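Dear colleague,

Please find below the structure that I am handing over to you, followed by an account of what was found in it. I would be grateful if you could read the account with the coordinates open.

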Amino acid sequence: MATPTLISWNLTRRCNLACGHCYLDAVQRKSECADELNATEAARVVHEIAALAPGAMVVLTGGEPLLRADLPAIVERAARAGLMPVVGSNGVLLDARQAERLRDAGAVGVGISLDSAGPDFHDRLRGQTGAWQGALAGMGAARAAGLGVLMQTTLFEENRHELDALARLAGEIGAMALNFFFLVCTGRGVTQTDLSATTYARVLGEILALQDAHLQLMLRARCAPYARRMLGLHAGEGAGNFAAWSSACLAGRSYLRIGPQGDVTPCPYIPRPSGNVRAAALRAIWDDGDDFVRLRGQMPQGKCGRCDYRVSCGGCRARALATTGELLGEDAKCDYAPAVNAVPEPLPSPVAAGVAWDGAARQMLARLPGFVRERVRASLEQKALAAGVQTITLAFMHAHRPASLPFARPPR
């Protein structure tokens, strides 16, 4: 069975801001929120994550995770367990001392929200004057401490014309990536104006085109599985800066979310829990939770299920739930109409047995971060089958590696 490669963990509902679109409906408080997982429980959850998903990227977020006094301890425990901890923050509280503590604890990076190229819209959205400047200062502190920086932008009508300016700002900051999030109307987000289906498609196309103008920066559209269809890429296909393994909605397939009180859902924007880590083992929830089983074992319904990109796209499952009440319902934000003679995309064929790995290649594969390991393994096995290669060696890995992955060169 597949295991998660990316886990989002909302450590707290406490926050220093009051963002109008917060999916968690975080609250401003001076004391801890009632019934959140305590330090002892958090330590146990880290152990369960490492056992279920070795090497996975774990995004420790909130609310504002810097309001938890034990954040560095959680980061350190996760790093020691072989996970890749990333802190998701609004940046306002991230100063040089905090950044260095996170770095020393083992954090590999921070994701910081910045929703406009100037302060006005960002500060209005976040409910605090100075929040924009605080986010910039937080990114600067992270960079100075040697942490990787991911800039996160949620798209609205008010900021959708700023894509290029935001990309330029991310480049100036030294961000590794800029993630554009398309709003899913959950939590306080239900009060926000979402993009229309037509505008959604136009903006997504602009993001895909923008990557060619900012090659030093990784641009990614989140909650936007239609990108594959817009590029004409089916499952397993890649082109240019869009990797073959970039795929449909990750919820429940390679992604899960843990909430502040321990509820587990397939993604942060799916509010209903499939279990709670206080009552069940995380592995049992991943293996047997109702929504996880459905997302991995069933095709979407409506036009998404009939689509010739139903596997490689499949629509956003959280958005379908929010708008139709059905997890496997159709995603109304997609305006694609398949050709009259189109047939539903078939399920991908499993990789045939018979491709072996020699010892050195297997060791190299094991050293890759968990969130890319299975994608790399599947890609290399497909390439070996196509080339008639029966055993994958270190030399084969190097010859066929994605350019962004640091495989060692084979010995001469």
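Strands S2 and S3 pair in the parallel sense, over four bridges. Please bear in mind throughout that this is a predicted model.

**The strands and their crossovers**

Within the pairing of S2 with S3, valine 59 has valine 86 of S3 as its bridge partner. Together with helix H2, these two strands make a β-α-β unit, which is right-handed. From S3 the chain then crosses through helix H3 (residues 96-105) to S4, and this β-α-β crossover is right-handed. S3 and strand S4 (residues 109-113) run parallel and are joined by four bridges. In that pairing, glycine 111 of S4 stands opposite glycine 88.

How many of the residues of S3 are buried? Six of the six residues of this strand (residues 84-89) are, so S3 is largely enclosed by the rest of the structure. The cover extends to both faces of the strand: Met84, Val86 and Gly88 are buried on one side, and Pro85, Val87 and Ser89 on the other.

**The loop between S2 and H2**

The loop that connects strand S2 (57-61) to helix H2 (71-80) contains glutamate 64. Glycine 63 lies in this loop between S2 and H2 as well. The peptide bond that leads from glycine 62 to glycine 63 is cis, and its omega is near 15 degrees. As background, most peptide bonds are trans.

Glutamate 64 merits separate attention. This residue is buried yet has no salt bridge. Where is the nearest side chain of opposite charge? That side chain belongs to arginine 126, 8.2 Å away, whereas a salt bridge requires a side-chain nitrogen of Lys or Arg within 4 Å of a carboxyl oxygen.

Polar atoms are nevertheless found beside this glutamate. Its side chain makes a polar contact with the side chain of serine 89, at 3.0 Å. A polar atom of the glutamate 64 side chain also lies 3.0 Å from the backbone nitrogen of leucine 66. When neighbours within four places in sequence are left aside, the residues in contact with glutamate 64 are Thr12, Arg14, Cys15, Asn16, Ser89, Asn90, Gly91 and Leu93. Ser89, in this list of contacts, is also one of the buried residues of S3.

**Helix H4**

Helix H4 (residues 119-126) has Phe121, His122, Asp123, Leu125 and Arg126 buried. Its buried residues pack against S4 and helix H5 (131-144). After H4 comes glycine 127, which has a positive phi, near 75 degrees.

**Salt bridges**

The search of the whole structure finds 12 salt bridges; three are described here.

Glutamate 41 forms a salt bridge with arginine 278, and the closest N and O atoms are 2.8 Å apart. This pair links distant parts of the chain, 237 residues apart: glutamate 41 belongs to helix H1 (residues 39-52), while arginine 278 is in the loop between strand S10 (275-276) and helix H9 (282-288). Glutamate 41 counts as buried, with 18% relative accessibility. Arginine 278, by contrast, is partly exposed, its relative accessible area being 33%.

A second salt bridge joins aspartate 70 and arginine 68, with 2.8 Å between the closest N and O atoms. Both aspartate 70 and arginine 68 are buried.

The third is formed by aspartate 115 and arginine 126, whose closest N and O atoms are 2.4 Å apart. Aspartate 115 is in the loop between S4 and H4 and arginine 126 is in helix H4, so this pair ties together parts that are 11 residues apart in sequence. Aspartate 115 is buried, at a relative accessible area of 0%, and arginine 126 also counts as buried, at 7% relative accessibility. Beyond these pairs, salt bridges with shared partners join Asp35, Glu41 and Arg278 into one network.

**A further backbone feature**

Which residue other than glycine has a positive phi? Cysteine 223 has such a value, near 55 degrees. Most residues other than glycine have a negative phi. Cysteine 223 is found in the loop between strand S7 (218-222) and helix H8 (226-230).

With kind regards

Key:
Residues are numbered from 1 along each chain as its sequence is written. This is a predicted model: local features need pLDDT of at least 70, side-chain atom pairs count only at pLDDT 80 or more; totals for chains, interfaces and linings use all residues. Side-chain values use heavy atoms; hydrogens and water are left out. Buried means under 20% relative accessible area, exposed over 50%, partly exposed in between (1.4 Å probe, protein chains only). Lys and Arg count as positive and Asp and Glu as negative; His and the chain ends are not counted. A polar contact is a pair of N or O atoms within 3.5 Å; within protein, one must be able to donate a hydrogen and the other to accept it, and residues adjacent in sequence count only if both atoms are side-chain atoms. Contact means heavy atoms within 4.5 Å. Two strands pair if DSSP finds at least two bridges between them. A crossover is right-handed if, with the strands pointing away from the viewer, the path from the first strand over the helix to the second runs clockwise.
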